[in-house]
Amino acid sequence: MKVDVKITEEATTPYAIIFTDKITSEITRLVNEISNYGKDSNAIIAKLEDTMVILKPEEIFAVRVENEKTFLICENETYRTNKRLYEMADILGSSFMQVSKSSLINLNCLKGVEPSFNGVMLLHLKNGTSEYISRKYVPQLKKYLGL
């Protein structure tokens, strides 16, 4: 990737322009990093009924999308966020893994893995919840587990 930096007195605040032929995951990640530079990017704003709370990634066990709404599953509560699943994956980082089309899990909260039907596996989390991992994501989980 080519990078140019231009210094000019006309720019009172730094800004970035990205020229690309298509949006890739790398471009999306760069945009998020640049946009969040200097901010507390570890803080995630979520809602519980009418109350807004600030969560840290390590407090989140799983992220699940149901009926086009994104939920953050924590130890004792489930919160709602306006962010999409791919945005949450970018924010939460490498300790989270996508396990299906509609969910992510915190790999640090994984308690056990149980084989299920048709190559699907059931993942048990430390807070007592479970998530199915679809066949598409099993090789990535096996790599993480060293199998």
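Buried residues, meaning those under 20% relative accessible area with a 1.4 Å probe and protein chains only, make up 28% of the 147 residues in this protein. The model is a predicted one, in which local features need pLDDT of at least 70 and side-chain atom pairs count only at pLDDT 80 or more, while totals for chains, interfaces and linings use all residues. Residues are numbered from 1 along each chain as its sequence is written, and side-chain values use heavy atoms, with hydrogens and water left out.

**Overall picture**

The protein has three helices and 10 strands; these are DSSP runs numbered from the N terminus, with helices being H or I of at least four residues and strands being E of at least two. Along the sequence they follow the pattern α-β-β-β-β-β-α-β-β-β-β-β-α. Taken along the principal axes, the C-alpha atoms fill a box of roughly 60 × 40 × 25 Å. The accessible surface, from the Shrake-Rupley method with a 1.4 Å probe, comes to about 11000 Å², and carbon and sulfur atoms hold 50% of this area.

If contact means heavy atoms within 4.5 Å, then residues 24 or more positions apart account for 38% of the contacts with a separation of 6 or more. As for charge, Lys and Arg count as positive and Asp and Glu as negative, without His and the chain ends. Each charge is placed at NZ of Lys, CZ of Arg, CG of Asp or CD of Glu. The mean positions of the 19 positive and 19 negative charges are 7 Å apart.

**The sheet of β8, β9 and β10**

Let us turn to the C-terminal strands. An open sheet of three strands has the order β8-β9-β10, with antiparallel pairing. Its edge strands are β8 and β10, each of which pairs on one side only. Neighbouring strands of this sheet are turned by 25° against each other on average, direction ignored. Pairing here requires that DSSP finds at least two bridges between two strands.

Strand β8 (residues 110-115) pairs with β9 over five bridges, and Gly112 stands opposite His124 in β9. Five residues separate the strands of this hairpin, where Asn118 takes a positive phi near 55°. On the other side, β9 joins β10 (residues 130-133) over four bridges, with Met121 opposite Ile133 in β10. That second hairpin has four residues between its strands, and Gly128 in the turn has a positive phi of about 95°.

Strand β9 (residues 121-125) is mostly covered, as four of its five residues are buried. Helix α3 (residues 138-145) lies across β8, β9 and β10 and runs at about 130° to β8; axes are lines fitted to C-alpha atoms, for helices over the stretch in contact, and angles run from 0 to 180 degrees between N-to-C directions.

**Two loop glutamates, and Asp4**

Most residues other than glycine have a negative phi. The two glutamates below are not glycines, yet each has a positive phi. Both are exposed, that is, over 50% relative accessible area.

| Residue | Phi | Loop | Relative accessible area |
|---|---|---|---|
| Glu49 | about 60° | between β1 (44-48) and β2 (51-55) | 75% |
| Glu68 | about 65° | between β3 (60-66) and β4 (69-74) | 78% |

Asp4 lies in the segment before α1 (25-35) and is exposed too, with a relative accessible area of 55%. The C-alpha atoms of Asp4 and Ala16 are separated by 9.9 Å, and these residues are 12 apart along the chain.
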